[in-house]
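Trainee: Please take a close look at one part of this model, the helix nearest the end of the chain and what its side chains meet. I would like one connected account.

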Amino acid sequence: MQMSDQKEIAADPATVYAALLTPEVLQACVPGAQDVTGTPEDGFEATVTQKVGPVKATFKGQVTLSDLVENERLTIRGEGKGGAAGFAKGGAIVTLEPSEAGTLLSYDVEAKVGGKLAQLGSRIIDGFAKKMADQFFANLQAHLAPESAAGDEGEAPEDGEKKGWFSKVTGRS
């Protein structure tokens, strides 16, 4: 599976870069992350629980970072094993560029899955991967600039998902 996209993050490149290297931020932003530990130099260990189609699994894996160019780019490689559900492994090249909104983050991902996950088919896997990426960046945006994320609540999301339920219930924007 290959996937590329760009996201605008309402924070400067230095802030976004630092966040991508912080285990606590990653744990808060990665959907289903139960634990993320480690350092950028030694790599991270993560435990993530996810449901992909009918398959639910807890993946334990390792993530390494390389080609780090401060505030500009990094390469992420990872591999996780989910027991009987199978495995996932791959990498991403992430680039950061200053933009009017803060930072334009671009990524190119290449990933492979095996075991029961591979039997689900590329359509389900690709859709799941896109959803995970979108959720990660929404979480990152909310973590780095909560006031900016809250300000977008009134707009209808492109994918049709409802957002901002908390602000609608509490009347906060």
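Mentor: A residue is called buried when its relative accessible area is under 20%, exposed when over 50%, and partly exposed in between. F137 has a relative accessible area of 11%, so F137 is buried. The model is predicted, and the values below are computed from it.

F137 lies in helix α4, residues 122–144. The ring of F137 forms a stacked pair with that of Y107, with 5.2 Å centre to centre and 20° between the planes. This pair links distant parts of the chain, as Y107 belongs to strand β7 (residues 102–114) and is 30 residues apart from F137. Y107 is buried too.

F137 also pairs with F136. Their ring centres are 5.1 Å apart and the planes stand at 85°; an angle over 60 degrees counts as edge-to-face, so this pair is edge-to-face. F136 has 13% relative accessibility and therefore counts as buried. These are the two aromatic pairs that the structure holds, and they link Y107, F136 and F137 into a cluster.

The next topic is the nonpolar core. The largest one has 30 residues, and the members that touch the most others are L20, V94, L105, Y107 and L140. Y107 thus appears both in the ring cluster and in this list. At least two residues of the core come from each of β1 (2–9), α1, α2 (23–29), β2 (33–39), β3 (43–52), β6 (87–99), β7 and α4. Helix α4 gives the largest share, five residues. Leaving aside residues up to four places away in sequence, L140 touches I9, A19, L20, V25 and C29. There is also a second, separate core of eight residues, with V55, A57, L117 and I125 among them.

Two of the contacts of L140, A19 and L20, lead to helix α1 (residues 13–20), where the buried residues are P13, V16, Y17, A19 and L20. They lie on the same side of α1, because the arc they cover around the axis is only 160°. At the start of α1, the backbone nitrogen of A14 has a side-chain oxygen of D12 within 3.1 Å.

Back on α4, there are charged contacts to describe. The structure holds four salt bridges. One of them joins D5 and K130, at 3.6 Å from N to O. D5 sits in strand β1 and K130 in helix α4, 125 residues apart. K130 has a relative accessible area of 36% and so is partly exposed, and D5, at 25%, counts as partly exposed as well. Another salt bridge is formed by K7 and D134, at 2.9 Å from N to O. This one also links strand β1, through K7, to helix α4, through D134, with their places 127 residues apart in the numbering. D134 is partly exposed, given its relative accessible area of 23%. D5 further forms a salt bridge with K7, whose closest N and O atoms are 3.5 Å apart. Together, D5, K7, K130 and D134 make up a network of salt bridges.

To put the parts together: α4 holds F137, which is stacked on Y107 of β7, supplies five residues to the largest core, and carries K130 and D134, which meet D5 and K7 of β1 in salt bridges.

Note on methods. Residues are numbered from 1 along each chain as its sequence is written. This is a predicted model: local features need pLDDT of at least 70, side-chain atom pairs count only at pLDDT 80 or more; totals for chains, interfaces and linings use all residues. Side-chain values use heavy atoms; hydrogens and water are left out. Rings of Phe, Tyr and Trp (its six-membered ring) pair if their centres lie within 6.5 Å; planes under 30 degrees apart count as stacked, over 60 as edge-to-face and the rest as tilted. Helices (H or I, at least four residues) and strands (E, at least two) are DSSP runs, numbered from the N terminus. Buried means under 20% relative accessible area, exposed over 50%, partly exposed in between (1.4 Å probe, protein chains only). The arc is that of the directions from the helix axis to the C-beta atoms. A polar contact is a pair of N or O atoms within 3.5 Å; within protein, one must be able to donate a hydrogen and the other to accept it, and residues adjacent in sequence count only if both atoms are side-chain atoms. A nonpolar core is a set of buried Ala, Val, Leu, Ile, Met, Phe, Trp, Tyr and Cys residues joined through side-chain atoms within 4.5 Å. Contact means heavy atoms within 4.5 Å. A salt bridge is a side-chain nitrogen of Lys or Arg within 4 Å of a carboxyl oxygen of Asp or Glu.
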